[in-house]
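User: I'd like to learn how to read a multi-chain model with ligands in it. Can you walk me through the features step by step?

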Amino acid sequence: MTKQVTQGHVCIDDLSITFDVRGGSMVALAPTSLELSPGSFTALIGPSGCGKSTLMNAVAGFVPATTGRITIDGAPINGPSDKVGVIFQQYALFPWFTALDNVRFGLKRLKLSKSEELDRARAAIAEVGLEEHAQKYPQELSGGMKQRVAIARTFAFGPQVMLMDEPFGALDAQTRLVMHDLLLRIWEKHKATVLFVTHDVDEALILTDDIQLMSSGPGRIIKHYPLAEPRPRKLNRDNVHLLETRDEIIALLHQSH
Amino acid sequence: MTKQVTQGHVCIDDLSITFDVRGGSMVALAPTSLELSPGSFTALIGPSGCGKSTLMNAVAGFVPATTGRITIDGAPINGPSDKVGVIFQQYALFPWFTALDNVRFGLKRLKLSKSEELDRARAAIAEVGLEEHAQKYPQELSGGMKQRVAIARTFAFGPQVMLMDEPFGALDAQTRLVMHDLLLRIWEKHKATVLFVTHDVDEALILTDDIQLMSSGPGRIIKHYPLAEPRPRKLNRDNVHLLETRDEIIALLHQSH
Amino acid sequence: MMAQSPHFFWRVARQSGAVVSILFVLLVWTLFSALNIMPQAILPSPASVWSATVEMAENGTLGRDLTVSLSRATIGFSIGTSLGVLVGLLTGRMALMQVLLAPALTLLRPIPAIALVPLAIVWFGIGEGSKYFVISYTVFLTVWFNTHHGMQYVPDIYLRASRSLGVSRAREFLTVIIPAAAPYILAGIRLGVALAFLSLVAAELSGASSGIGYRLQEARQYIRTDRMFSLLIILGILGAVADVIVQRIGQRLVHWQQG
Amino acid sequence: MMAQSPHFFWRVARQSGAVVSILFVLLVWTLFSALNIMPQAILPSPASVWSATVEMAENGTLGRDLTVSLSRATIGFSIGTSLGVLVGLLTGRMALMQVLLAPALTLLRPIPAIALVPLAIVWFGIGEGSKYFVISYTVFLTVWFNTHHGMQYVPDIYLRASRSLGVSRAREFLTVIIPAAAPYILAGIRLGVALAFLSLVAAELSGASSGIGYRLQEARQYIRTDRMFSLLIILGILGAVADVIVQRIGQRLVHWQQG
Amino acid sequence: QDIVFGWNPNPSTPQVDVAMVNGYFEDAGLDVKIVPFVSGREAFEALLGGQVDVAFMAEFPAATGILTNQPFAIVADLTRYQGMRIITKNEPLDSASDLGGKRIGTSIGTNTDFYLSNVLASEGVEAEIVNAAASDLVAALARGDVDVIVPFPTYYGPAAETLGDSYQEWRAPGYQTHYVLAVNADMSEEKSAAMEDFLGALVRANAEVAADPEAAMDATAAAMQGIVAPEVLSDLWADSVFDLQLGSDLAELLHSETEWILSQGVIRGEVPTLETVESFFDPAPLSEVAPEAVDLD
Ligand SMILES: Nc1ncnc2c1ncn2[C@@H]1O[C@H](COP(=O)(O)OP(=O)(O)OP(=O)(O)O)[C@@H](O)[C@H]1O
Ligand SMILES: Nc1ncnc2c1ncn2[C@@H]1O[C@H](COP(=O)(O)OP(=O)(O)OP(=O)(O)O)[C@@H](O)[C@H]1O
Ligand SMILES: [Mg+2]
Ligand SMILES: [Mg+2]
């Protein structure tokens, strides 16, 4: 925590998003403000369909703001940028590339020598436990493997802001733990600003600095929980604050349904 | 439990599955035998890439057996059949149909009157909490909503054997509980044979009659845990057997990694 | 296609774009013909093409030619497209059909319709029949091919879903396979539209006394290049308008794909 | 395409299928010509077509025609396809290009190459140039259209992923957009293959003294219907063989899509 | 009675235009269904395919028909055109020897090809012959791809216009185009009768053309719907003889054409005798309505 992080400051200011649908429009995200300070790690939790992916898509520059604005380090977002890395809910791997080449694709902008690029990509694939599957195409991988390739691709690429939309949803408990370690290591190394959507309250409690809770759709942020506990954390008696927070969030989610 | 169930008897006999890949072949499922008695509810748990989806695809008739055989009620499987309903890991909704029409599509073989079909489809959509989104197209739905439409489609269709590949993976905790209730209700009503892939050991403990544990890929079934506790179950002190099973499974999964 | 705000700008630009694009071509043409690089008999001036158009319009041939050719193109297109989609769906999904028909049709594709005109005349007579044949033959082969090709790219997952939902093969065909291949079918139909107009020229070689294609041949025999240009431009406009209509309808039908 | 076991059966059937399909056509043809429904001058018997083929092979014209036409078709196809893919990629993804070029090209699509031959001759003379022009014009428009159309169906998700990974536009083009539109481009190229052979007939109308198209025209002048049939069948076979080759290569390149 | 007439609208046969304008076919009790073709060759193909009863064409395709023994017969010879030309740019021409070593564009397998061969053969001159579609010849000459062209008569006007001052022509003698009518070889009784009436109407029109050439020219110009300019039309007519007949000069021409075609090597066979050629003539209907017009040995 000695390194002073100055990049990756995300300001979301009164952002709302409305989609055109047949015969009218529908509000996917009610006006929402949120500030992510450089190097912070924030979880976004909320019921299905409340607008989490929509919010992420807006920060990523995929969906234009209907009202309000988003800036990253002061510059307004009006399209995808390489400052912002995304792990998509649906993986978005390129089916014409092998797992390894998908990861290499993300390294291109670094303009490494071919062998260095290969080494880095191999290392990233190995970190998600897929060294044996590096030469497979996405359609030959299992659901969890695809997700891990997508994670490896974004991690290797090392963006300043990292948006992760349920990145561990398709993983078994054990692999998930390995990924948690990996995520925390990478985050501490790069000090990227992370916005992390999850359905798993425990996961949010273990990993993040801050939990933002959304109401059911059209969602807005209704509550936030700063978490100052040192990592690695455990959800047990020793950590009463975490357990209390957990109960409160679960109760609130229950209500908002 | 009074109704005598006679249909939906699945026998998997020494099944193994090998895929052709560039420069060779790879074993996705090592020889596996498993019998699902009519009306039983079985969970399949195992590390990512161990062959769970492959096993399901074989039972569904999508992938041919390399060795061994599968029969349902004595008849060998050699193609998809309407006896077997599938909830896909990737939803497999038709993008040209609205949520409602996706559900109606599954009701077609029942040859209902149009109004009855509509009523049933609407009811199924309502049960997964999407009455307001019935007219949306899949690409306008959130991840969790898509998954619920897929669930509604298969539940409404009411097959004798139901294969569910991480059906609740994209759902928040609260919606997941609602879905658990729904699944149990439907299962008790139809007494379908259910094979259920999940990464959530707690979910398996709460829902199923039997947990089959797979080793890491190329997987085989290494252990099974019959669960006789009455439902609804709770994972607390009152249910020591469940808690013990849980610890054992987690430990085994940890090892097999 | 990324952000929504430039959409409006581009929509306007796109509509005026056609105008800009065409004005540009007109300008180059005027320049070339004013510079007299090529003889009038080969590159007529826009003015003379315009007066040739007026001449044909005034002596009544243009109106008749348009009516006659449009009806031939429409009928030929309809026959060719319906058959093309139908046979493409069959050969694309039914192995037996594929085995029996696809090789023969693949052999036909490189054979131009004009070469078959003598045969067509014997089979269908010199009336409208042979003209419909020539047009629909050309349209058919292309629409068939695109449909057939598109069938190969229907994602397996949709078929798996529909099979496990136990719908009939007929319904699967209509409500799963066709929509999944729709972008390819649409491309084939749009190619077919242009081909219907393009093959008017071959179709009206025999037994026609009016029609854009006939008039074009006539103008060619007498090197009335001004008329030829006028007729070719008319052909282009007719085809383009029909294409825009089909595209609009197609976009509405294939609404779930962007584009 | 569902289970794997019937694959083998169908693979065999498919290979023999071409034979079955063609034998069937031959049978119908033999029957028709034996029944003498049509005069020999319009439907020659298979035997006479065969002997016309032997005659052309023996007097050496067939070999020369094949060499000449194959080289014309290959060059015209290569030019047309390269330009078609290139321009299609540009108009499909760059709004400016789309605005400026697409309307003009859409107007050209319904205009047959033969109608442009007089202009082509002025530009390219009656040497090989105008032949390449006619062939590549036809191929170009179709390949362009399919490529352009396919661009509209590149899934947004791939563009989103590539943009957030910060690759250059050039790389995105080459490694994301082209592969995503590849099935459409492939369809366009396969149509182009057939068109290259088809337009030989128009291309060799002027300034040729050998080539399949020239020979076809000659045969027609002298009512050698047996030769015409022979040449048309040769055209069909050439096109079909080239199509199979392109399809095989395409399948290997677009390996991630089944089909 | 019905007659299906395979017709190629053209400026050289005013008899047909006059007969149509003045309703002579109706007067003869005929219902003539005109089926237009872009050239005589297509009409001839349709005749052989049994789609038309009578086809209008130049005589040259008939020579091919005779050699390949097609089932047809020539019933009348409407017009002779004697203005065949050889055209160059700049260099004047007045003998076959001027053509030596030149690149000469023509449409192979047509009467222009035959005409050119005869001219070259008359002085034993060698030249390079380049095949081109009829409509492309003028452009090829203008561009300089060929030195000389031998196009169809309808292209003379545009050639003069395109080449302007550099236009040069030579009216090499030795060949006249005959515009003929052909029917199926085995006409039914009924059709034969109708054919007599048909020819009768044309004979009547033929006389009318001779009597009032200006009215005839108006009729033809109207039938051409303005596609040919009046000066082009009168130029063509200056070299045309409109006189419906059936004579041995046509048989002799066809005979020499068959010989030439065989020398081209596409069709194999023996040169037919003059009798054989004449066996493809059917003078019966014409002799019924105008015996003096038939002049066969
Ligand atoms: N392209 C679109 N057109 C119309 N409506 C849309 C579109 N995309 C999303 N929506 C709607 O916006 C709302 C929010 O969707 P979003 O995907 O952001 O939810 P989410 O919070 O990510 O849910 P989940 O946890 O289920 O993934 C939903 O009601 C959805 O139907
Ligand atoms: N089409 C295919 N071609 C080649 N290999 C394949 C194919 N499909 C699956 N595999 C391989 O088979 C193995 C098992 O895959 P499967 O999808 O069954 O895993 P899974 O247990 O469902 O994993 P997850 O929990 O991650 O979804 C994996 O190693 C995968 O790479
Ligand atoms: Mg989401
Ligand atoms: Mg799986």
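Analyst: We'll take the ligand sites, then the chain contacts, then a few backbone oddities. Keep in mind that this is a predicted model.

User: Let's start with ligand 1. Which residues surround ligand 1, and which are closest?

Analyst: The idea is to list the residues with a heavy atom within 4 Å of the ligand. For ligand 1 that gives 23 residues, and the closest are Ser53(A), Thr54(A), Glu140(B), Ser142(B) and Gly144(B). Look at the chain letters: residues from chains A and B surround ligand 1, so this site is shared between chains.

User: Which polar contacts should I look at there?

Analyst: Look for N or O pairs within 3.5 Å. On the chain A side, the side chain of Ser53(A) puts an N or O atom 2.6 Å from an oxygen atom of ligand 1, and Thr54(A) has a polar side-chain atom 2.5 Å from a ligand 1 oxygen. From chain B, a polar backbone atom of Gly144(B) is 2.7 Å from an oxygen atom of ligand 1.

User: And how much of ligand 1 does the protein bury?

Analyst: You compare the ligand taken alone with the ligand in place. Ligand 1 exposes 640 Å² by itself, and the protein buries 91% of that. As for who lines the site, the elements giving two or more residues to the shell are strand S1 (10-21), strand S2 (24-36) and helix H1 (52-59) of chain A, plus helix H4 (143-157) of chain B. By residue class, the shell around ligand 1 divides into seven nonpolar, 12 polar and four charged.

User: Now ligand 2. Which chains supply the residues around ligand 2?

Analyst: Chains A and B both do, so the ligand 2 site is shared between chains too. Of the 23 residues around ligand 2, the closest are Glu140(A), Ser142(A), Gly144(A), Ser53(B) and Thr54(B).

User: What do the polar contacts of ligand 2 look like?

Analyst: Here are three to click through. A backbone N or O atom of Glu140(A) sits 2.6 Å from an oxygen atom of ligand 2. From chain B, Ser48(B) brings a polar side-chain atom to 2.9 Å from a ligand 2 oxygen, while a polar backbone atom of Lys52(B) is 2.7 Å from an oxygen atom of ligand 2. On area, ligand 2 alone exposes 640 Å², of which the protein buries 91%. The elements with two or more residues in this shell are helix H4 (143-157) of chain A and, from chain B, strand S1 (10-21), strand S2 (24-36) and helix H1 (52-59). The shell residues of ligand 2 split into seven nonpolar, 12 polar and four charged.

User: On to the chains. Which pair of chains shares the most contacts?

Analyst: Count the contacts pair by pair. There are eight pairs of chains in contact, and C and D share the most. To see how two copies are related, superpose one on the other and read off the turn and the shift. Chain C lands on chain D with an RMSD of 0.3 Å after a turn of 180° and a shift of 0.0 Å along the axis. That is the relation of a two-fold axis. Tyr184(C) has the chain C C-alpha nearest the axis, 3.7 Å from it. Both copies use the same surface, with 99% of the contact residues of chain C recurring in chain D.

User: How many residues do chain D and chain A bring to their contact?

Analyst: Chain D gives 17 and chain A gives 23. Between them they bury about 1800 Å², 74% of it on carbon and sulfur atoms. On the chain D side, Arg160(D), Ser164(D) and Leu165(D) lose the most area to chain A, together 34% of what that side buries. By contrast, no contact joins chain A and chain E, and their closest C-alpha atoms lie 49 Å apart.

User: Last one: which backbone oddities should I check?

Analyst: Most residues other than glycine have a negative phi, and most peptide bonds are trans. Here the bond from Arg231(A) to Pro232(A) is cis, with omega near -5°. Pro232(A) is in the loop between strand S10 (221-226) and helix H7 (240-256) of chain A. In chain B, the bond from Arg231(B) to Pro232(B) is cis as well, with omega near -5°. For phi, go to Asp14(A), a residue other than glycine with a positive value near 55°. Asp14(A) lies in strand S1 of chain A.

Definitions and conventions: Residues numbered from 1 in each chain as written. Chains lettered and ligands numbered in written order. Predicted model: local features only at pLDDT ≥ 70, side-chain atom pairs only at ≥ 80, totals over all residues. Heavy atoms only, no water. Polar contact = N/O pair within 3.5 Å; in protein donor to acceptor, adjacent residues only side chain to side chain. Areas by Shrake-Rupley, 256 points an atom, 1.4 Å probe, with all protein chains shown as cover. Helix = DSSP H or I, 4+ residues; strand = E, 2+ residues; numbered from the N terminus. Nonpolar A, V, L, I, M, F, W, Y, C, P; charged D, E, K, R; others polar. Least-squares fit on C-alpha atoms with pLDDT ≥ 70 in both. Contact = heavy atoms within 4.5 Å. Buried area = accessible area lost by both parts, 1.4 Å probe.
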